[in-house]
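The exercises below are meant to be worked through with the sequence and the 3D view open side by side. Each one sets a task and then gives a solution in steps.

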Amino acid sequence: MTAPIAHFNGKLTPLDQISISPLDRGFIFGDGIYEVVPVYGGTMLRAREHFERLQRSCDEIRLQNPHTTDEWIRLSQELLKHHPGDQSIYIQVTRGAPKTRDHVMPKGLTPTVFMMCYPRVPPTREQVENGVACVTHRDFRWEKCNIKSTSLLGNVLARQVSADVGAVETILIRDGHVTEASASNVFVVKNGVVAAPPQDHLILLGITYELLVRLASEGKVKLEIRPITEAELRAADEVWLSSSTKEVLAVTTLDGKPVGNGKPGGAFRRMHALFQEHKAALKAKGAVAA
Ligand code: PDD
């Protein structure tokens, strides 16, 4: 089998021919940022928003973004010519490869740019219809979770807590409040009103989270952005996860106990339908969809 085509520092190259210096600060320090853009039948979903968030991540870590949003979109489209169908585009930028290891940010370093595609694995029909199991854990990560950093050890350790018991996600609690999950955002529903946690430094503001907020407002679904206590999470009628890979998914068991009546609720079904309609409308729009 030939290796898939990836993008490395301005060139399209077979993935297995890319080599990265062991001194690259991404390897040594996890000193980099990334994005994951979902692609439906060749159309990127909210590409502009993803690359604007990449810019914010660059700004937060004082990294010169090597490309403008328009350039990123063009580079993605070039890569997508080699990857038809439903894909995820992974984009990573690190601070580059200096000559020695030193925590201090070196001046004048060229960032390392890497992009690859892999087929999207959508949630299964079973997961959509029956919901998924999650567990909770203390949020032991750092205080700059708004940066989409490649330093994901905290998220990896958090995710493993659920993987170890066969659950789909670990919902994180910091100082008595829900933040997010290891690789997704979290919503709760009580009496038909959806709540989403504040858009602060303790969560990654998901592009899917923002899309759900927009779809809720257009679809006349009541949604509040406010702190959510652990008690509210445990007493919720519905709990949802959202991400570019999971779209929107209902959580039907939490720490082994049923959420609400243990089935995906009415608000979830409404939001899931709105999301699917939005996706269906994408194809008509062309290569970069809003
Ligand atoms: N993860 N919170 C965290 C910690 C995440 O890692 C992600 C996404 C999200 C949701 O963001 P979005 O809706 O923009 O995908 C929230 C990606 C998919 C990943 O790391 O693979």
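Is Cys 58 buried or exposed, and what is its relative accessible area? Before answering, keep in mind that this is a predicted model. Cys 58 has a relative accessible area of 0% and is buried.

**Exercise 1. Work out how many disulfides the model contains, looking at the cysteines one at a time.**

Step 1. A pair of cysteine sulfur atoms counts as a disulfide within 2.5 Å. For Cys 58, the closest cysteine sulfur belongs to Cys 145 and lies 18 Å away, which is too far for a bond.

Step 2. Turn next to Cys 145, whose nearest cysteine sulfur is that of Cys 134, 18 Å away, and which takes part in no disulfide. Cys 145 also counts as buried, at 6% relative accessibility.

Step 3. The count by this rule is zero disulfides.

**Exercise 2. Describe strand β8 and its two partner strands.**

Step 1. Begin with how covered the strand is: β8 spans residues 169–174, and six of its six residues are buried.

Step 2. Sort the side chains by direction. In a regular strand, side chains alternate between the two faces of the sheet. In β8, Glu 169, Ile 171 and Ile 173 point one way, while Thr 170, Leu 172 and Arg 174 point the other way, and all are buried.

Step 3. Find the parallel partner, which is β7 (residues 132–138), paired with β8 over five bridges. Within this pairing, Val 135 stands opposite Thr 170 of β8. To get from β7 to β8 the chain passes through helix α5 (residues 153–163), and the resulting β-α-β crossover is right-handed.

Step 4. Find the antiparallel partner, which is β9 (residues 177–181), paired with β8 over three bridges. Here Arg 174 has His 177 of β9 as its bridge partner. The two strands form a hairpin with two residues between them, and Asp 175 in the turn has a positive phi of about 50°.

**Exercise 3. Place Ser 162 in the fold and list what surrounds it.**

Step 1. Ser 162 belongs to helix α5, and with a relative accessible area of 0% it is buried.

Step 2. Once neighbours within four places in sequence are set aside, Ser 162 is in contact with Val 135, Ala 167, Val 168, Glu 169 and Thr 170. Among these contacts are Val 135 and Thr 170, the two residues that stand opposite each other where β7 meets β8.

**Exercise 4. Starting from Val 186, trace the strands β10, β13 and β14.**

Step 1. Val 186 lies in β10 (residues 185–190), and its relative accessible area of 1% makes it buried.

Step 2. Leaving out residues up to four places away in sequence, Val 186 touches Ile 171, Val 178, Glu 180, Ala 181, Ala 196, Pro 197, Val 239, Trp 240 and Leu 241. Although Val 186 and Ser 243 are 57 residues apart along the chain, their C-alpha atoms are separated by 9.3 Å.

Step 3. β10 pairs with β13 in the antiparallel sense over five bridges, and in that pairing Val 188 has Val 239 as its bridge partner.

Step 4. β13 (residues 238–243) is largely enclosed by the rest of the structure, because six of its six residues are buried. From this strand, Glu 238, Trp 240 and Ser 242 point one way, whereas Val 239, Leu 241 and Ser 243 point the other way.

Step 5. β13 is also joined to β14 (residues 247–254), antiparallel to it, by five bridges, with Val 248 in β14 as the bridge partner of Ser 242. A hairpin of three residues connects β13 to β14.

**Exercise 5. Identify which residues come nearest to the ligand, and which side chains have polar atoms beside its oxygen atoms.**

Step 1. There are 20 residues around the ligand, of which Tyr 34, Glu 180, Ile 207, Thr 208 and Ser 244 come nearest.

Step 2. An N or O atom in the side chain of Thr 208 is 2.5 Å from an oxygen atom of the ligand. For Ser 244, a polar side-chain atom lies 2.7 Å from a ligand oxygen, and for Arg 53 an N or O atom of the side chain is 2.9 Å from one.

Step 3. Follow Tyr 34 back into the protein: Gln 92, in strand β5 (residues 87–94), touches Tyr 34 as well as Ile 33, Thr 112, Val 113, Phe 114 and Thr 150, when residues up to four places away in sequence are not counted. The side chain of Gln 92 also makes a polar contact with the side chain of Tyr 90, at 2.6 Å.

Note on methods. Residues are numbered from 1 along each chain as its sequence is written. This is a predicted model: local features need pLDDT of at least 70, side-chain atom pairs count only at pLDDT 80 or more; totals for chains, interfaces and linings use all residues. Side-chain values use heavy atoms; hydrogens and water are left out. Buried means under 20% relative accessible area, exposed over 50%, partly exposed in between (1.4 Å probe, protein chains only). Helices (H or I, at least four residues) and strands (E, at least two) are DSSP runs, numbered from the N terminus. Two strands pair if DSSP finds at least two bridges between them. A crossover is right-handed if, with the strands pointing away from the viewer, the path from the first strand over the helix to the second runs clockwise. Contact means heavy atoms within 4.5 Å. A residue is near a molecule or strand if one of its heavy atoms lies within 4 Å of it. A polar contact is a pair of N or O atoms within 3.5 Å; within protein, one must be able to donate a hydrogen and the other to accept it, and residues adjacent in sequence count only if both atoms are side-chain atoms.
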